[in-house]
Amino acid sequence: MKGGTVQINWHETKPVLTLDFHPTTGLLATGGADFDIKLWLMVCEAEKKVPAASYQSSLSYHSSAVNALRFSPSGEQLASGADGGELLIWKFHQVESGQAWKVFKTLSFHRKDVLDLQWSKDGVYLISGSVDNSCIIWDVNKGSVHQILDGHFHYVQGVAWDPLAKYVASLSSDRTCRIYAKKPQTEGKIAEKVTYSCQHVITKAEQQSSDDSKGVKNHLFHDETLPSFFRRLAWAPDGSFLLVPAGSCKLSPSSEPINTAYILSRKDLSRPALQLPGANKPIVVVRFCPVVFSLRGSNSARFFKHPYRIVFAVATLNSLYIYDTESIPPIAILAGLHYAAITDIAW
């Protein structure tokens, strides 16, 4: 396999903090510390036979650094979160000169920087996480707050929406991952508001001592000294498991902590079912390929029993690992691509 890199450094040499691909057109949106959102079309240059990024337009409205960008599942809207609590919904319009994205809603309630956001599968709701220690679920069409989840005690640096619409999850620098479950609606109340309540707080795991004495509980996640504002977690496309970054675990009570990412099975979201092999640097973002693949049949003893193969990317501060559910070691490792810390990844 031959690979190449496409370099985009046109955010006025400022950090690129977030990016996302449009679900159908392949349009790439990037946001950065220059307060701008830029749209790119990935094209293949016939002569060089390598992809290249063709600049399309800029969406200039934010007055601060853009930290998170995500297209809606339909591709008709784009959500962008920035410093100072700015959160915008952009809507796609067909105009005489071609195509344009215009501000559709301004979602106002966060008091401080928005660090991550995620759409519900139906595109009706949005969840955001902020430096104000809260997650907010928004009703996008109304442009209003649907529910505030305020259980964290420090910055919320990652949020994820279950594709099967039963759970939302958040990850904070207070060293906890919280799983919120949809409350069952009372029969007969058709218009009752759908809300979520905290079902699990994942924070520590017991480490058994070698001398069979009482185990010691160790933190599962890095504290606030992690040199990144992002801990972007993600659900598998089929909702079968949740992948959580910023993990830190000890193989024995006396050993040094190693960096990892945890896999939480949908069957038991109260504790990690599996952890990925230790990385050299802390893991700050994970992202699933939206396409599922057929099994290769190369590993009959795999941990996952899916009838298909799910591929996902795990990014540390300086490297990118590609895994699939059919093998234990990564299928690819990419390193040395950036001069500064990785902040986001997209398929």
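This is a short chat about one residue, one pocket and the cores of a predicted model.

Trainee: Hi! Any ground rules before we start?
Mentor: It's a predicted model, where local features need pLDDT of at least 70, side-chain atom pairs count only at pLDDT 80 or more, and totals for chains, interfaces and linings use all residues. Residues are numbered from 1 along each chain as its sequence is written, and side-chain values use heavy atoms, with hydrogens and water left out.

Trainee: Thanks! Is Ser 120 buried or exposed?
Mentor: Ser 120 counts as buried because its relative accessibility is 3%; buried means under 20% relative accessible area, exposed over 50%, partly exposed in between, with a 1.4 Å probe and protein chains only.

Trainee: And what does the side chain of Ser 120 make a polar contact with?
Mentor: The side chain of Asp 122, at 2.6 Å. A polar contact is a pair of N or O atoms within 3.5 Å; within protein, one must be able to donate a hydrogen and the other to accept it, and residues adjacent in sequence count only if both atoms are side-chain atoms.

Trainee: Which residues does Ser 120 contact, leaving aside neighbours within four places in sequence?
Mentor: Pro 73, Tyr 125 and Trp 161, where contact means heavy atoms within 4.5 Å.

Trainee: Switching to cores: which residues touch the most other members of the largest one?
Mentor: Of its 20 residues, those are Cys 177, Ile 179, Phe 221, Leu 233, Leu 242, Val 244 and Leu 264. A nonpolar core is a set of buried Ala, Val, Leu, Ile, Met, Phe, Trp, Tyr and Cys residues joined through side-chain atoms within 4.5 Å.

Trainee: What lies apart from that core?
Mentor: Another core, of 17 residues, including Ala 261, Leu 276, Phe 288 and Ile 310.

Trainee: Last one: how do the lining residues of the second largest pocket divide?
Mentor: Into 22 nonpolar, 5 polar and 8 charged. Ala, Val, Leu, Ile, Met, Phe, Trp, Tyr, Cys and Pro count as nonpolar, Asp, Glu, Lys and Arg as charged, and the others, Gly among them, as polar. On a 1 Å grid over the protein atoms alone, a pocket is an open set of points where a 1.4 Å probe fits, with protein on both sides within 12 Å along at least five of seven lines, and lining residues have an atom within 4 Å of a point.
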